[in-house]
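Me: Could you take a close look at one part of this protein for me and walk me through what it touches?

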Amino acid sequence: MPIRVYVLSAMLSLLSTAGNGLAASEIRTAAQQGTEPKFQHAGTGDGHVAGICIDIMRAVERLDAGLRFTGDQVWQPLPRIYSSLDRGVQDASCGLSRNPERERKYLFIGPALFTIRYYLVARIDDTAVVGSWDDLRRLEPDNVVLANRGFAGVGILEQAGVARIDAGAGDPKLNLQKLLAHRGRFFFHRTPGLRSLLERAGVAPRVKILPTELAASPLYFMVSRQFDPALAERLRAALQTLEKSGELERIAKSWE
């Protein structure tokens, strides 16, 4: 009898450990800098990170208690996130658009989390009317477009044939300062979060968002090719459930 009790106790211990979702079920990630409201300071004074992606990660954890995101309260620039994914020291990044280069290096876990839409920001006194990419190109040479270094917007501008792009700054607030200093005619940025960015940067009265949507891009979870396929499938299943229930859409709209 004591031996049988010991064996049963050991089996229960193993099952408990497997169900607790330890290191093997962690999804290592980071909060990407300069991407409000995908990731942004919560404003609580304690450095807490909030945003669309944080809400999505918490929703995934509620659906699958065996998955736990770690690192989502640590800020990192996009180049460092790329490097960490390449080296296998991070597993996933939330809210990236698909392009050929990224698809060669990483895996995208569907469905789309939400869609971002791109607009031009101009100085308040600019009389330019830009209803299409053709209109923008016709303004050359006075059509320098500021964009965030390393972000998808740069590639969108290049594919649209915009020749005069200044992607020297990786921080949207710095690009807004450059815009007001006449170091570019437009700033190319995306919603959701564009209006709140202008407010936080203190430039809302001095700039305007041109009304034409020039591009749209769905965003996904992007994972390292070294990421555990079983965990990737569990993440995919949780996201599909959130999409079907309407929760992904609700989260995105709550940050508009």
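**A close look at helix α2**

Reply: Let's start with two cysteines: Cys53 is buried, and Cys94 is buried too (under 20% relative accessible area with a 1.4 Å probe, protein chains only; over 50% would be exposed, and in between partly exposed). This is a predicted model, where local features need pLDDT of at least 70, side-chain atom pairs count only at pLDDT 80 or more, and totals for chains, interfaces and linings use all residues. Residues are numbered from 1 along each chain as its sequence is written, and side-chain values use heavy atoms, with hydrogens and water left out.

Those cysteines form a disulfide with sulfur atoms 2.1 Å apart (the cut-off is within 2.5 Å). Cys53 sits in helix α2 and Cys94 in strand β7 (residues 92-97), so the link ties together parts 41 residues apart in sequence. Helices here are DSSP runs of H or I, at least four residues, and strands are runs of E, at least two, numbered from the N terminus.

Now for the helix partner. On the α2 side, Ile56, Ala59, Val60 and Leu63 meet Leu235, Ala238, Leu239, Thr241 and Leu242 in α9, contact being heavy atoms within 4.5 Å. By type, the residues of this contact are eight nonpolar, one polar and no charged (nonpolar: Ala, Val, Leu, Ile, Met, Phe, Trp, Tyr, Cys and Pro; charged: Asp, Glu, Lys and Arg; polar: the others, Gly among them).

Ile56 has further neighbours: leaving out residues up to four places away in sequence, Ile56 touches Leu113, Phe114, Phe221, Leu239, Leu242, Leu248 and Ile251.
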